Amino acid sequence: MNARSKTHYTACPHDCPSTCALEVEALEGGIIGTVRGSNENTYTAGVICSKVARYAERIHHPERLLQPLRRRGDKGGGSFEPISWDAALDEVAEAYLKAEQKHGAETVWPYYYAGTMGLVMRDGLNRLRHAKKYSGQHFTICTSLAYTGYLVGTGKLAGVDPREMAKADVVVIWGTNAASTQVNVMTHALRARRDRGAKIVVIDTYRNATARQADLFICVRPGTDSAVACAVMHVLFRDGHADRDYLARYTDCPEELEAHLESRTPAWASAISGVPVATIEDFARLIGEHRRSYFRLGYGFTRHRNGAISMHAASCIPAVTGAWAYEGGGAFYNNGAIYHWNRTLLDGLDVRDPSVRLLDQSRIGPVLCNDPIDLKDGPPVTALFVQSTNPMSVAPDLNLVQRGFARGDLFTCVHEQFMTETAAMADIVLPATMFMEHDDVYQGGGHQHILYGPKIIDPPGECRSNHEVVCALAKRLGAEHAGFDMTAKEVVDDLLQRSGWGDVETLARNKWIDCQPPFEEAHYVHGFGHADKRFHFKPDWAGVAPRGFFPTELLATMPALPDFWPTTEEANDEMPYRLVTAPARHFLNSSFNQSPTSLRREKCPQAMLHPDDAQRLGVKQGDKVLLGNHRGQVEIEVSITDGHQRGVVIVETLWANRHFKGGLGINVLTGADPGGPIGGAAFHDNRIWMRPLGVRAV
Ligand code: SF4
């Protein structure tokens, strides 16, 4: 650092459970220099991923949107003209008021997600939604399938301190490619190996960067994790590794579980999952012989139609061994519940009308194509306001999404940092700030810190923050709420004070708050989160809210006890392959897929094929193939790798649509049909066919 630079402290805002504590060097002229992980923060521990370390590339990218734009010509035609902020906001407000007059308030759908994880910038749009009684959003992408599976067992969305991984004898990393997507998990897992000789077990659908660091890699067929979990528990009971005292004291129906698992043998699981019997036995023995077994359960469970069942089954294992009782033992998925936020002002909960309909985020395609079931028999969506997400790239069943966005009677405003695929379909595009250009507060989903993220540099051009835009629109729309008259920093202060976390000035001084609950609470020593204080092997699937997003007849088929639930989109004669659309190391959903270094390192979209499948198709490394199913098709280059099972195809992504010949990306192949019990898209659970194109890529 030189005399003309200054170090600031903030948090990474991206959709990643690590929520790293950052040190940012601000140079003269509003330029960002080095971005480092904070050594002082005990979870970040000085480590961040390479894509954020080179953030200057993103924040000073020449393609940043810098001024409001109005569409010229056809929708999606790519032609826009600059307009003033006042003209843009007036036009948007007028369109929403007109739509509301014609169809009622529910015709307007504010749609957002996790492009920023700052609570004010991400969730402030809910205040406008509630004040105006616009349609609600059921948040299902990447979350609902996993958290319901975890929650029905423990009764609370919280678990063992992730730093305790370093005190484990076995670290099980299940359903997350942590080395690529939440790098700090590896920091703490590798400490356990270095300091205690711990074994690292990785369970995933392909030999990814995390699996390459494992002592034992268990490669499952997509969506079969619950079968492996059941067989592991079968062996634990069979071989005397179940902690019967713990089971009697802390769980709901251990005898019933043991009897049920008698037929769930390793041979049974092997036939379903493709995992060798010996591997299942080895894994079970490792867990059985080490009480300090830490289960780090990831977001991969959300990518299968039966993901909730699989997450629940995996989370049952430490309850069988009693690992929860030991330091370094137990399970962790997300710490959402430890922050006990009072979101009244942030979300405008005091003006929320619970009778307003909720629309499923994952089903934006069917919603925009006027499916009456998805619209809850209400009015069509004729006005959209999109912040912090890019559904024209990231949403499933992309052909349908595209058809919906192209509707002539749909008015769309997109507030964005780049001209994304979604912004390109808009009537009005507004330029948005990035995290170092506004104030916000962050919570670590994958750890236990509240972190402050102050404004560090001025935004470029005419960029405005999500909060500023929501407040400016509220005024024009006649929406009233105290939160619309406050600065972002004042909203942070209100949130902290209402929730018992002090005030914003104290947080800004201290940089973060370590909110880790004591050992007894995190390990459920005084009982689990349910009213009966027990871990539930037998969940109440039908009781999970919100209801009405998963067909009742399928809900009734959810297994009462941990089991394999064959609701995955299985291969058939016509579509004999299973497609997994896994996260690429240098992208984060569709963020970073315009950064030059990320693009260079990822090279081009590729389909990873098993050598036997490649031979059967007669394709070689670098050839082109067509992947297709009943939803659409994409052309892609072949990469031959043997780190996954035959019949499984892996495409690491999300590449921008422009990299694909037809102009739409890999999500044309993924389905929007909901997983149980409350919905959620299954991005790794798609049957496809493959055809060689006989063209070698250059
Ligand atoms: S690991 Fe995740 S939280 Fe940390 S810097 Fe990278 S994207 Fe951000």
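Which strand pairs with strand 6, and in what sense? Keep that in mind while you load the model, which is a predicted one.

**Stop 1: strand 6**

Select residues 108–112, which form strand 6. Now add residues 383–387, strand 14. The two strands pair in the parallel sense, over five bridges. To find one end of the match, pick Val108: its bridge partner in strand 14 is Ala383.

Next, show the side chains of strand 6. Val108, Pro110 and Tyr112 point one way. Trp109 and Tyr111 point the other way. Both sets are buried, and strand 6 is mostly covered, with five of its five residues buried.

**Stop 2: the ligand**

Centre on the ligand and select its shell. Four cysteines are part of it: Cys12, Cys16, Cys20 and Cys49. Add His14, Ser18, Thr19 and Ile48. Then add Val52, Gln182, Val183 and Leu588. Colour the shell by class: eight residues are nonpolar, four are polar and none is charged.

**Stop 3: helix 11**

Select residues 254–261, helix 11. Which of its residues are buried? They are Pro254, Leu257, His260 and Leu261. These four sit on the same side of helix 11 because they cover an arc of only 125° around the axis. Turn to the face away from that buried side: here are Glu255 and Ala259, both exposed. Now bring in helix 9 (225–238) and helix 10 (244–250). Both are among the elements that cover the buried residues of helix 11.

**Stop 4: Asp215**

Go to the loop between strand 9 (199–204) and strand 10 (216–219), and pick Asp215. Is Asp215 buried or partly exposed? Asp215 counts as partly exposed because 13 other C-beta atoms lie within 10 Å. Leaving out residues up to four places away in sequence, Asp215 touches Lys199, Ile200 and Val201. For a distance check, pick Leu451 as well. Asp215 and Leu451 are 236 residues apart in sequence and 34 Å apart in space, C-alpha to C-alpha.

**Stop 5: domains 1 and 3**

Zoom out and colour by domain. Domain 1 is 69–139 + 342–435 + 461–485, domain 2 is 160–332 + 538–555, and domain 3 is 577–696. The C-alpha centres of domains 1 and 3 lie 29 Å apart. Between these two domains, 19 residues of domain 1 are in contact with 21 residues of domain 3.

Stay on the domain 1 side of this contact. Helix 16 (364–368), helix 17 (391–394) and helix 18 (398–405) each supply at least two residues. Helix 18 gives the largest share, three residues. By class, this side has six nonpolar, nine polar and four charged residues.

How values were computed: Residues numbered from 1 in each chain as written. Predicted model: local features only at pLDDT ≥ 70, side-chain atom pairs only at ≥ 80, totals over all residues. Near = placed C-beta within 6 Å. Nonpolar A, V, L, I, M, F, W, Y, C, P; charged D, E, K, R; others polar. Buried ≥ 20, exposed ≤ 12 C-beta atoms within 10 Å, placed from the backbone. Arc of directions from axis to C-beta. Contact = placed C-beta atoms within 7 Å. Pairing = 2+ DSSP bridges. Domains from an automatic or database assignment.
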